[in-house]
Amino acid sequence: MTSRTGNYVEASVGEIDEWAALTAQALVTTSLKAAEPDRPFTARLRAMSMGVAQLTDMSYGALVSQRTPRLIRQSDPELFQMAVTIAGQQRIDQARNTAVLGPGQMVLYDSSRPFDAHATESPAGTRTRGVMLQFPKAMLPLPAQRVNRLLAVPLSTHGPGRLLAQFLRGAAEEYRACTPSDAVRLGVTAVDLVTAVISHRLGTETHLPAGGQQYLLHAQAMSFIDTHLGSSDLTPSAVAAAHHVSLRYLQRVSSSRVSR
């Protein structure tokens, strides 16, 4: 069953072949097979356009997914995909790296390189669920050789990673309340946050675009305020000092975010 409204698609399937066809349209083409053929397979997907990017919320049963050199030659949209696991466990092998991910963990992979992915259900029957942001590789303003070393490497969900994971989950939950213009702006912000996460891991924060740096500072400041709301020492100066910036700069960044 598929429902489509503008740039929003929601679909559910009950066969692995239907899931292969659906994900080929919404994501990239892969070869799929059910990991437990004797058990019923079900899956659902919500694909949300965000201008330069697409956000997809998915849940599915146990499966094996492969993107082979032949499939890449047939069609390659040249995308990065940043996936955050919400439930279940999955494993991805790419570029001689292996990531085994549980709830709250994230990984980056590349549509232009072969990969093998495995999703398993928990003993209680909980399906794998996650959100995935995909965007053109050319949008990541970082050295390709260094980024490639992080493919299929578990990425931290602390600091910038936690902000990205929370942002993607929140954007998926609130997408239907957003206008098309909102969605486009959210897409730019999402890619900026991915850049922040990768830059943080590579130690190349100086490559982070100014807009991404400002969003990250604003988000971190708001999180700090929420955490310390009950403190009598919570002042604008204390917030600025905690983030190693001047009060004037923090006020300028906050004003620019509010005015958008």
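Okay, let's start with two strands: E7 and strand E10, residues 106-110, run antiparallel and are joined by five bridges. Keep in mind that this is a predicted model. If you want one spot to look at there, find Gln 81, which stands opposite Tyr 109 in E10.

E7 has another partner too. Over eight bridges, E7 pairs with strand E12, residues 128-136, again in the antiparallel sense. Here you can pick out Leu 79, whose bridge partner in E12 is Pro 136.

So how many of the residues in E7 are buried? Nine of its nine, so to speak: strand E7, residues 79-87, is mostly covered.

Now let's move to one residue, Gln 54. You'll find Gln 54 in strand E5, which covers residues 53-60. Is Gln 54 buried or exposed? Its relative accessible area is 18%, and the cut-off for buried is under 20%, so Gln 54 counts as buried.

What does the side chain of Gln 54 have for polar company? One of its polar atoms lies 2.8 Å from the backbone oxygen of Ala 26. There's also a polar contact of 3.0 Å between the side chains of Gln 54 and Thr 56.

And which residues does Gln 54 touch, once we leave aside its neighbours within four places in sequence? Ala 26 turns up again, along with Leu 27. Then there are Ala 47 and Met 48, and finally Met 132, Leu 133 and Gln 134.

That's my tour: E7 with its partners E10 and E12, and then Gln 54, buried in the model.

Conventions
Residues are numbered from 1 along each chain as its sequence is written. This is a predicted model: local features need pLDDT of at least 70, side-chain atom pairs count only at pLDDT 80 or more; totals for chains, interfaces and linings use all residues. Side-chain values use heavy atoms; hydrogens and water are left out. Helices (H or I, at least four residues) and strands (E, at least two) are DSSP runs, numbered from the N terminus. Buried means under 20% relative accessible area, exposed over 50%, partly exposed in between (1.4 Å probe, protein chains only). A polar contact is a pair of N or O atoms within 3.5 Å; within protein, one must be able to donate a hydrogen and the other to accept it, and residues adjacent in sequence count only if both atoms are side-chain atoms. Contact means heavy atoms within 4.5 Å. Two strands pair if DSSP finds at least two bridges between them.
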